[in-house]
Amino acid sequence: TGVQTCALPICLVRLDAEALDVLAVVAWNQPVAREKLVELGCDASPTVLRMLVRRGLLELVPQEEGEACYRTTRKFLDVFRLGSLADLPNPDAPPQ
């Protein structure tokens, strides 16, 4: 066997549990400042946030008053095969 490739521009994005937690909290609460992430129970380390921005899954958006906020990107939707944020599952619904 050799290296597998695919026709899609995004084949594989490896994320640990902390990164997935950050993405979920941001997706459902965006735009969200790091301080708000902590209030929501997601103690996202600056290292994880930088990694997600570097990989193009999150972006920083300036806010008129104060701290910049995080939001998901088009790449986030593509990686998780979502057409839009409206396709996110209800966070209160039981897993399927």
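Accessible areas here come from the Shrake-Rupley method with a 1.4 Å probe. On that basis, the accessible surface of the protein comes to about 6800 Å², and 52% of this surface belongs to carbon and sulfur atoms. The structure is a predicted model, and the description below moves from the overall fold to a helix pair and then to individual residues.

The protein contains four helices and two strands. Followed along the sequence, these elements give the pattern α-α-α-β-β-α. Of its 96 residues, 27% count as buried. Among contacts between residues at least 6 apart in sequence, 49% join residues at least 24 apart.

A good place to begin is the packing of helix α1. Two packed helices are described by the angle between their axes and the distance between the axes. For α1 and helix α3, which spans residues 46–54, the axes come within 10 Å and cross at roughly 75°. Angles of 65 to 115 degrees count as roughly perpendicular, and α1 and α3 are therefore roughly perpendicular to each other. On the α1 side, the contact is made by Glu-18, Ala-19, Val-22 and Leu-23, while α3 contributes Val-48, Leu-49, Met-51 and Leu-52. By class, the contact of α1 with α3 has seven nonpolar residues, one charged residue and no polar ones.

Some of the residues in this helix contact reappear around Ala-44, which is found in the loop between α2 and α3. Ala-44 counts as buried because its relative accessibility is 1%, and the cut-off for burial is under 20%. Leaving aside residues up to four places away in sequence, Ala-44 touches Glu-18, Val-22, Arg-34, Leu-37 and Leu-49. Ala-44 and Asp-21 are 23 residues apart in sequence, yet their C-alpha atoms are 8.5 Å apart in space.

Further along α1, which covers residues 17–29, sits Ala-27. With a relative accessible area of 8%, Ala-27 is buried. Apart from residues up to four places away in sequence, Ala-27 touches Thr-72, Phe-76 and Leu-88. A separation of 46 residues in sequence lies between Ala-27 and Thr-73, whereas the C-alpha to C-alpha distance of this pair is 9.5 Å.

Thr-72, one of the residues touched by Ala-27, lies in strand β2, residues 69–72. Thr-72 counts as buried too, at 9% relative accessibility. Beyond residues up to four places away in sequence, Thr-72 touches Val-26, Ala-27, Gln-30, Leu-57, Leu-58, Glu-59 and Leu-85. Through Val-26 and Ala-27, among others, the contacts of Thr-72 lead back to the neighbourhood of α1.

Phe-76, another residue touched by Ala-27, also takes part in an aromatic pair. The count of such pairs comes to one. In this pair, Phe-76 and Phe-80 are tilted, with 5.1 Å from centre to centre and 45° between the planes. The two partners can be told apart by their accessibility: Phe-76 counts as buried at 4%, whereas Phe-80 is partly exposed, with a relative accessible area of 33%.

The backbone offers two details that deserve a look. Most residues other than glycine have a negative phi, and most peptide bonds are trans. Against that background, the peptide bond from Gln-30 to Pro-31 is cis, with omega near -10°. Pro-31 is found in the loop between α1 and α2, the latter helix covering residues 34–39. Gln-30, on the other side of this bond, is also one of the residues touched by Thr-72. The second detail concerns Arg-81, which has a positive phi of about 55° although it is not a glycine. Arg-81 is placed in the segment after α4 and is exposed, with a relative accessible area of 73%.

The segment after α4, a helix that spans residues 74–79, also holds Ala-86. Ala-86 counts as exposed because its relative accessibility is 69%, and exposed means over 50%. Ala-86 and Trp-28 are 58 residues apart in sequence and 9.9 Å apart in space, C-alpha to C-alpha. The alanines described here thus include buried Ala-27 and Ala-44 alongside exposed Ala-86.

Terms used
Residues are numbered from 1 along each chain as its sequence is written. This is a predicted model: local features need pLDDT of at least 70, side-chain atom pairs count only at pLDDT 80 or more; totals for chains, interfaces and linings use all residues. Side-chain values use heavy atoms; hydrogens and water are left out. Buried means under 20% relative accessible area, exposed over 50%, partly exposed in between (1.4 Å probe, protein chains only). Contact means heavy atoms within 4.5 Å. Axes are lines fitted to C-alpha atoms, for helices over the stretch in contact, and angles run from 0 to 180 degrees between N-to-C directions. Angles under 35 degrees count as roughly parallel, over 145 as roughly antiparallel, 65 to 115 as roughly perpendicular and the rest as oblique. Ala, Val, Leu, Ile, Met, Phe, Trp, Tyr, Cys and Pro count as nonpolar, Asp, Glu, Lys and Arg as charged, and the others, Gly among them, as polar. Rings of Phe, Tyr and Trp (its six-membered ring) pair if their centres lie within 6.5 Å; planes under 30 degrees apart count as stacked, over 60 as edge-to-face and the rest as tilted.
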